[in-house]
Amino acid sequence: MTSCALVIGCGGTIGAAWIVAALDALSKQLDWDPRTADLMQGTSAGAELVTLLASGVGVDELVRWQQGTAHDKRLRDHHDAAPSSLPPIPSPRLLNPGLLRTQHGLAALSGIAPTGRGDASWLARLAHAYTGDRPWLDHPAARMVAVDTETGGRVAFGAPDAPAVSPATALQASWAVPGWMPPVTANGRTYIDGGAASTASLDLLADHGFDEIYLIAPMASPDRARIPGLGGFLEDRCLRRPMTGILTAEIDMVRARGTRVITICPRVNDLTHLPANFMNRRARHVAFAASMRTARATVAAALAVVAA
């Protein structure tokens with residue numbers, strides 16, 4: 001029997017919309033339910049999707065969530081509570097200058113980012129709504145990735161060797177975008193968005209021996225595609241290009257261990273219809289409608305590469 005993992009990367013509000021479109025295309029083209037993955041790992045917006053999938057929410061309902069028409073009131077409330085398109089003015093206090101000395105790239109820069117003042121309670125409400133008082137998500141192998149600000153190391157909450165925290169804490173920590181959302185402190189440690197170190201942390205599964213991993217990463221484009229315009233140029237140079245470099249190395253590492261990696265990242269046709277600000281909630285419905293059209297070809301191309 002083939003063992004399979006699902007890994008979903010970061011991407012903010014718009015990235016989550018594109019992820020759902022990609023999941024819809026993937027599930028239909030494979031006749032596969034992502035909820036049946038042996039392990040699912042998410043980072044930031046990916047952790048938000050893992051919270052829902054691991055709580056039993058199906059892809060059809062995720063589509064309705066993005067359209068604002070979900071049957072489940074919990075999802076409708078979550079849709080309406082998405083953060084604003086721009087962050088509140090952050091606190092001038094630096095997050096952790098030590099990361100600048102010990103890390104590199106985005107992880108290092110996140111250490112000198114001001115402390116975000118966004119309200120992350122909408123994420124806690126989502127986790128509480130689906131888990132209640134249970135210690136973890138229904139799926140026993142669901143994981144959410146955050147970065148420990150003291151060590152710069154990544155923590156996959158839900159993994160056997162990770163600190164025990166509530167699903168709400170794990171989701172807020174994984175979504176704690178530096179300069180936007182506040183860091184999360186649990187058990188004496190402080191955590192920020194896992195995307196500060198890696199868009200998907202695929203390498204954390206390198207030695208798990210899966211036959212195949214379906215990877216959905218809206219903030220990376222291995223074919224060097226980018227969003228048009230000046231905003232897209234800045235997004236590419238500051239975020240997409242460095243995230244793509246890290247993810248490409250992780251893909252190579254995992255494939256070298258003998259695991260098939262089906263890499264689903266936005267291509268030119270996808271990015272043409274997405275805003276450079278991936279937190280732009282006002283553009284969410286238009287971006288999602290376009291993604292539902294373009295993601296079909298993107299997923300088909302990713303599956304064809306593996307089948308070749």
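This report covers salt bridges and aromatic contacts in a predicted model.

**Salt bridges**

Side chains of opposite charge can pair when their charged atoms come close. In this model the count comes to 14 salt bridges. Three of the pairs are set out below.

| Pair | Closest N to O distance |
|---|---|
| Asp203 and Arg154 | 2.7 Å |
| Arg260 and Glu212 | 2.2 Å |
| Arg240 and Glu235 | 3.0 Å |

Asp203 and Arg154 form a salt bridge with their closest N and O atoms 2.7 Å apart. This pair links distant parts of the chain, 49 residues apart. Asp203 sits in the loop between strand S8 (189–193) and strand S9 (212–216), while Arg154 belongs to strand S6 (residues 154–157). The relative accessible area of Asp203 is 18%, so this residue is buried, given that the class covers values under 20%. Arg154 has a relative accessibility of 29% and therefore counts as partly exposed.

The salt bridge between Arg260 and Glu212 has an N to O distance of 2.2 Å. Its two members are 48 residues apart and again link distant parts of the chain: Arg260 is in strand S10 (residues 260–264) and Glu212 is in strand S9. Here the acidic residue, Glu212, is buried at 10% relative accessibility, whereas Arg260 is partly exposed with a relative accessible area of 42%.

In the third tabulated pair, the side chains of Arg240 and Glu235 meet at 3.0 Å, N to O. Both Arg240 and Glu235 are buried.

Salt bridges also connect Asp148, Glu150 and Arg189 in a network.

**Aromatic contacts**

How many aromatic pairs does the structure hold? There are 3 aromatic pairs. One of them joins Trp122 and Trp175, whose ring centres are 5.4 Å apart. Why is this pair classed as edge-to-face? The ring planes stand at 80°, and planes over 60 degrees apart count as edge-to-face, so the pair of Trp122 and Trp175 falls in that class.

Trp122 lies in helix H7 (residues 121–131), and Trp175 lies in the loop between helix H8 (167–174) and strand S7 (184–186). The two positions are 53 residues apart in sequence, so the contact ties together separate parts of the chain. Trp122 has a relative accessible area of 6% and is buried. Trp175 is buried as well, at 1% relative accessibility.

A further contact involves a charge and a ring: Arg74 lies over the face of Tyr130, at 3.9 Å from the ring centre.

Terms used: Residues numbered from 1 in each chain as written. Predicted model: local features only at pLDDT ≥ 70, side-chain atom pairs only at ≥ 80, totals over all residues. Heavy atoms only, no water. Salt bridge = Lys/Arg side-chain N within 4 Å of Asp/Glu carboxyl O. Helix = DSSP H or I, 4+ residues; strand = E, 2+ residues; numbered from the N terminus. Buried < 20%, exposed > 50% of the residue type's maximum accessible area, 1.4 Å probe, protein only. Phe/Tyr/Trp six-rings, centres within 6.5 Å; stacked < 30°, edge-to-face > 60°. Lys NZ or Arg CZ within 6 Å of the ring centre and 35° of its normal.
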